[in-house]
Amino acid sequence: MNNEMQFEQDTLPYLRTNVREIAAIDLGSNSFHMIVARIMNGSIQVLSRLKQKVKLAEGLDENAVLSQEAITRGVNCLALFAERLQGFAPENVNVVGTYTLRRAVNNDEFLRQAAAVFPYPINIISGQTEAKTIYAGVCHTQPEKGRKLVVDIGGGSTEMIIGDDFTPIVAESRHMGCVSFASKYFKNGEISQENFEKAYQSAVNKIEDLGWEYRNLGWQSVLGSSGTIKTVHQVITTTLDPNGIITKTRLEDLIEQTLRATHFDELNMGLK
C-alpha cells in the first residue's frame, strides 16, 4: 500500500492539490472496520479495507457495563488503525461507535483508554442515525431504484429502513444482534430447539410493532448489509443455490440444518 501511495506522489505531483485522503471507521458490536480512500478530482479510489473481529458486545453484561477485556480488545484494534492513519488530519478521519458503545454505561472509560492510542475523535451515534447512515451507504453502492427495504443485522442491533431512492422514509434500530443473541440464548455455543424458539420469539417481540407500518409502505426490493447477511448468502450459495438469494423457504432450510447440530463448533455448512 505504501508503495502504491509513493508511486502516486512521485509520478503525479501536478494532481496533489486535487487529492485528499480520508478514512471512515465503524466501531461495531462484532467487528471494527476501517476504509481508507483517496478523493482525486471528484472520484473516490479505495486504498485499503481493514477489518478485525473484536466482539465488543460479548463484554456487555446485564447492567450494560462493558468489561475491561472487551475494552482492551477494542483499544488494541484502534492502536493498529492508528498506525495506518499516521499523518492524517483529524478532519479527514470519521469514526463512529454504534450499539454496544451507545449502550455501555461506562463508554466514557472506553473513550478515555482509546484516546491514549488513537488521536482522533470518536462519535457515538444514535440507532436512528446509524440506520439512516446504513441506508445511505447501501443506496450509493447498489443499483436498485425505487422503494426498498434495507436490513442490517449487526453484532448488537438490527437496523430496518424503508426509503425511496436516496431518501429514507422510516428508519428503526432494535436491540438484537448476532453476538448479543448468541451469548444470551445459546450460552457456551449450545444449540437446541428450545434455545432457538426463545431467540426467535424474542426477535419477533422486538419488531412486531413495526409490522403494520412497514407492510403498508411496501417495497419493490429488499437489500441486506452486514456480515450476518453476507454469511447467510454464502451458505445458501454453497449448499442450496448458486444465486445465493435469501428467501423464507431457504431460511427455513438453513434453520433445519442448524438444528441438527448441538454446538456452534459443529456448524460448517460449506463455509471455508
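# Exercises on a predicted model

Leu267 is found in the segment that follows helix H10 (248-258). The structure is a predicted model, and the exercises below are to be read with that in mind.

**Exercise 1.** Decide whether Leu267 is buried, partly exposed or exposed, and find which residues Leu267 touches beyond its neighbours in sequence.

*Solution.* Begin with the accessibility: the relative value for Leu267 is 36%, and since the class between buried and exposed runs from 20% to 50%, Leu267 counts as partly exposed. Next, leave out residues up to four places away in sequence, and the contacts of Leu267 are Ile191, Thr258 and Ala261. Finally, for a sense of distance across the chain, Gly74 is 193 residues from Leu267 in sequence, and their C-alpha atoms are 27 Å apart.

**Exercise 2.** Work out the strand order of the open sheet that contains E1, and explain why E3 and E5 are its edges.

*Solution.* The sheet has 5 strands, ordered E3-E2-E1-E4-E5, and its pairing is mixed. Strand E3 (43-53) and strand E5 (123-124) each have a single partner strand, so one side of each is left without a neighbour in the sheet. Helix H2 (residues 68-84) packs on this sheet, where it touches strand E1 (19-27), E2 and E3, and the direction of H2 makes about 15° with that of E2.

The mixed pairing can then be followed strand by strand. Strand E2 (residues 31-40) is antiparallel to E3, with 10 bridges between them, and within this pair Ile39 stands opposite Ile44 of E3. E1 and E2 also run antiparallel, joined by 9 bridges, and a hairpin of 3 residues connects them; here Ala24 has Ile35 in E2 as its bridge partner. By contrast, E1 runs parallel to strand E4 (residues 93-97), with 5 bridges, and Leu27 stands opposite Gly97 in E4.

**Exercise 3.** Sort the side chains along E1 by the face to which they point, and state which set is buried.

*Solution.* In a regular strand the side chains alternate between the two faces of the sheet. Along E1, one face receives Val19, Glu21, Ala23, Ile25 and Leu27, which are buried, whereas Arg20, Ile22, Ala24 and Asp26 point to the other face and are not buried.

**Exercise 4.** Place Lys148 in its sheet, and determine which groups its side chain reaches.

*Solution.* Lys148 belongs to strand E6 (residues 147-153). E6 is part of an open sheet of 4 strands with the order E8-E7-E6-E9 and mixed pairing; its edge strands are strand E8 (167-174) and strand E9 (221-225), each of which pairs on one side only. From one strand to the next the twist averages 15°. E6 and E9 are parallel and share 5 bridges, and Val150 has Leu223 in E9 as its bridge partner. Helix H5 (residues 127-141) packs on this sheet, touching E6, strand E7 (158-164), E8 and E9, and its direction makes about 55° with that of E7.

Turn now to the charge. Lys148 is buried but has no salt bridge: the nearest side chain of opposite charge, that of Asp165, is 4.6 Å away, while a salt bridge requires a distance within 4 Å. The side chain of Lys148 does reach the backbone oxygen of Gly146, at 3.3 Å, and a polar atom of that side chain lies 3.3 Å from the backbone oxygen of Asp165. Beyond four places in sequence, the contacts of Lys148 include Tyr135, Cys139, Trp219 and Leu223.

Key:
Residues numbered from 1 in each chain as written. Predicted model: local features only at pLDDT ≥ 70, side-chain atom pairs only at ≥ 80, totals over all residues. Heavy atoms only, no water. Pairing = 2+ DSSP bridges. Helix = DSSP H or I, 4+ residues; strand = E, 2+ residues; numbered from the N terminus. Contact = heavy atoms within 4.5 Å. Axes fitted to C-alpha atoms, helices over the stretch in contact; angles between N-to-C directions. Buried < 20%, exposed > 50% of the residue type's maximum accessible area, 1.4 Å probe, protein only. Lys, Arg positive; Asp, Glu negative; His and termini not counted. Polar contact = N/O pair within 3.5 Å; in protein donor to acceptor, adjacent residues only side chain to side chain.
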